[in-house]
Amino acid sequence: MKIVQANAGALTNFEVLDFLRSRGASTDPTRVIAPVAPSEFKVYDYLVQSAVCNQTRESINEFLKRCEKYDLANAEKLNIINIRPSSLVEIDPIIEECEKRMKSEDVEELVEMVVQVLPEHPASVGIERGTDVDKISPDQELMEAN
Amino acid sequence: MFFLSLIEHTLCLPPHLLNLPLDEAIKGELETLFLDKVIPNLGLCISIYDIRDIKDGFIYPGDGASTYTVQFRLVMFRPFVGEIIVGKLKSSDANGLKLSISFFDDIHIPVHLLPNPSSLMPNPENKHQGVWSWEFQDEQYPIDGKDEIRFRVHSISYPPIPIEQEKEAKPFAPMVITGSLDYDGLGPISWWV
């Protein structure tokens with residue numbers, strides 16, 4: 001076995017989920033017939049109950065376009081897309097040297113943009129969020145109405 | 001968390017697979033070989049992403065199987081240092097915490113990377129286990145298994161395969177992730193929401 005290229009590109013959790021879905025993985029009982037191995041199913045189960053299950057390609061592209069002005073490293077953008085931080089304290093461990101690189105208004109703007117552009121995690125709809133009380137995104141309004 | 005890796009491998013296709021179309025047969029063989037296995041310094045192989053190139057289908061004299069050189073991409077699980085991952089608590093004892101994400105279990109948070117200051121409340125039934133809790137502003141925040149824990153990857157190590165193991169030792173872990181909880185925003189999600 002020869003490793004031609006150890007790193008041929010990073011994948012977001014959403015891309016792996018999409019790839020497994022296109023092979024036929026799903027959460028209902030028809031899974032036993034799909035050509036997907038049990039170990040791949042474990043990865044699918046983990047991704048489905050994380051924050052990426054509602055993401056779409058368009059929302060990720062939109063996020064990447066809008067975060068260009070903050071000058072984030074690729075690793076930081078990947079972390080944000082995978083974790084979807086919804087408050088200042090959640091984004092703090094993701095961005096290195098947060099206080100030196102960005103002023104606190106910029107960080108708040110970034111958090112609000114993340115909450116608006118990337119879809120909500122379905123399990124966390126009922127939890128209060130201190131920074132987002134004034135600006136509720138359309139996704140949140142719909143879910144809270146339900 | 002996931003990367004693509006381009007690998008080239010020479011593989012032997014056993015004759016009983018000759019009735020299948022070539023790429024299906026090769027994909028099946030590659031899956032048996034690589035899926036759910038750890039490649040040192042590359043990570044845990046999750047899935048075959050695609051097959052780029054198949055060549056050289058020749059047959060060695062005296063052998064019924066044909067040999068192909070295949071170039072393909074694998075989806076590897078290899079978190080980078082500094083990545084934030086969400087996992088569940090598996091066990092906690094005097095050495096630290098053990099977390100698991102459903103497909104990978106060997107995530108270890110040693111005592112010196114727990115939030116500072118933390119203290120261990122030993123479990124009266126089993127003296128090797130206990131509940132760690134963090135003291136912050138005169139309040140105790142225990143790390144129990146109720147909700148998911150966010151940790152930052154500190155380092156990944158690939159210990160070499162041991163030649164001998166004692167009978168009672170735990171099964172060998174080819175890939176071990178060391179994580180840290182020592183930062184704002186890390187630890188059980190209920191602490192920060």
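This passage looks at model confidence and then at aromatic rings in the structure. The model is predicted, so local features need pLDDT of at least 70 and side-chain atom pairs count only at pLDDT 80 or more, while totals for chains, interfaces and linings use all residues. Residues are numbered from 1 along each chain, chains are lettered from A in the order in which they are written, and side-chain values use heavy atoms, without hydrogens and water.

For chain A, the pLDDT (the predictor's confidence in each residue, from 0 to 100) averages 76, and 78% of the residues score at least 70. Over residues 125-146 of chain A the pLDDT is below 50, yet this stretch has 24 contacts in the model (heavy atoms within 4.5 Å) beyond near neighbours in sequence. Where pLDDT is low, the predicted coordinates should not be read in detail.

Across all chains, 8 aromatic pairs are found; rings of Phe, Tyr and Trp (its six-membered ring) pair if their centres lie within 6.5 Å, and planes under 30 degrees apart count as stacked, over 60 as edge-to-face and the rest as tilted. Phe58(B) and Tyr60(B) are edge-to-face, because their planes stand at 85°, with the ring centres 5.4 Å apart. Phe77(B) and Phe104(B) instead form a tilted pair, at 5.4 Å centre to centre and 55° between the planes. Both Phe77(B) and Phe104(B) are buried, that is, under 20% relative accessible area (exposed is over 50%, partly exposed in between; 1.4 Å probe, protein chains only). Ring pairs also join Phe77(B) and Phe104(B) with Tyr46(A), Phe2(B) and Phe103(B) in a cluster.
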